[in-house]
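Trainee: Could you walk me through this one? I have not looked at it before.
Mentor: Gladly; let us open it and take it piece by piece.

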Amino acid sequence: MDTALVVSEKKTGGDTKILQLVTFTLGGEEYAVDILKVQEINRMKEITRVPNAPYYVEGVINLRGKVIPVISLRKKFGLPEEEETSKQRIMIMDIQGITIGLIVDSVSEVLRISTDIVEPPPPMTYSVSSEFIWGIAKLEDRLIILLDMDKLIGREETEGMVEATEKAAIEG
C-alpha cells in the first residue's frame with residue numbers, strides 16, 4: 001500500500017488506519033485517489049492541443065502561468081468518449097513529482113475511510129488494468145475503486161509529456 005495514503009492512525013488496539021481520498025466518477029464507476037496527490041480541482045477550460053502527443057493526452061492548459069499537460073482518463077482507461085458536460089472537472093495532481101491535469105466526468109467528495117474496509121482487487125479483468133488498482137473500498141451502499149496514480153502514469157510517461165508540452169509551449 002502507498003504509504004502516502006495513510007494519513008493518521010486510530011488507536012483501537014489494531015492496525016486500523018484512516019485514508020483520506022478524493023472520489024470522482026468516470027464512465028459510471030466511482031474511483032478514488034489519495035487526497036495528498038490532488039493540488040486543486042478546476043472547471044473545464046480551453047485546452048491547447050499538442051501535436052504528436054499520446055492518444056490520451058488532450059493537450060495543455062495555462063494554470064497561473066505554468067503549462068500543465070492534461071490527460072483524458074476516459075481515453076487512458078479505454079472508455080468511450082462523451083460530450084463535455086458542466087460536471088466535468090480537471091483534477092490537478094502531483095504524479096511522480098510532476099503536475100498533471102486529469103479530466104474526469106465529475107468530482108464527488110472527500111472521503112475518510114478505514115483501511116479495514118479496503119480489499120485487494122480481485123484477480124479479474126476490469127475496464128482499468130488491475131495494475132493501477134491498489135484496492136476496492138466496500139462502503140455500505142457502494143464500491144469505490146482505489147487508484148495508484150504513480151502506477152497509472154509512470155515516470156517515463158510523465159517526463160515525456162512534460163517534454164512535449166514544454167516544446168509545444170516554446171514553439172506555440
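**A hairpin, a sheet and a pocket**

Mentor: Keep in mind that this is a predicted model. A good place to begin is the hairpin formed by E5 and E6, which has two residues between the strands, and in that turn Arg64 has a positive phi of about 50°.

Trainee: How do E5 and E6 pair, and over how many bridges?

Mentor: E5 pairs with strand E6, residues 66-72, in the antiparallel sense, and six bridges link them. To pick out one of the partners, Val60 has Pro69 in E6 as its bridge partner.

Trainee: What about Arg64, is it buried or exposed?

Mentor: Arg64 lies in the loop between E5 and E6, and it is exposed, because its relative accessible area is 67%, where exposed means over 50%. Its phi, near 50°, is a positive value in a residue other than glycine. For background, most residues other than glycine have a negative phi.

Trainee: Which other residue has a positive phi although it is not a glycine?

Mentor: Gln96 does, with a phi of about 60°. Gln96 sits in the loop between strand E7 (89-95) and strand E8 (98-104), and with a relative accessible area of 25% it is partly exposed.

Trainee: OK, zooming out, in what order do the strands of the sheet come?

Mentor: The sheet is open and has five strands, in the order E4-E7-E8-E6-E5, with mixed pairing. Strand E4 (38-43) and E5 are its edge strands, each pairing on one side only, and the average twist from one strand to the next is 30°.

Trainee: How many bridges join E4 to E7?

Mentor: Five bridges join E4 to E7, and the two strands run antiparallel. Within this pair, Asn42 stands opposite Ile90 in E7.

Trainee: Back to E5 for a second, how many of its residues are buried?

Mentor: In strand E5, residues 57-63, six of the seven residues are buried, so the strand is largely enclosed by the rest of the structure. E5 is nonetheless one of the edge strands of the sheet, pairing on one side only.

Trainee: New topic: what is the volume of the largest pocket, and what lines it?

Mentor: The volume of the largest pocket is about 270 Å³. Its lining is made up of 13 residues, and those nearest its centre are Glu58, Glu81, Glu84, Gln88 and Ile103.

Trainee: And how does that lining divide into nonpolar, polar and charged residues?

Mentor: Eight residues of the lining are charged, three are nonpolar and two are polar.

Note on methods. Residues numbered from 1 in each chain as written. Predicted model: local features only at pLDDT ≥ 70, side-chain atom pairs only at ≥ 80, totals over all residues. Heavy atoms only, no water. Buried < 20%, exposed > 50% of the residue type's maximum accessible area, 1.4 Å probe, protein only. Helix = DSSP H or I, 4+ residues; strand = E, 2+ residues; numbered from the N terminus. Pairing = 2+ DSSP bridges. 1 Å grid on protein atoms, 1.4 Å probe; cavity = no way out; pocket = protein on both sides within 12 Å on 5 of 7 lines; lining within 4 Å. Points joined across faces, edges and corners; volume = space filled by probe spheres on them. Nonpolar A, V, L, I, M, F, W, Y, C, P; charged D, E, K, R; others polar. Axes fitted to C-alpha atoms, helices over the stretch in contact; angles between N-to-C directions.
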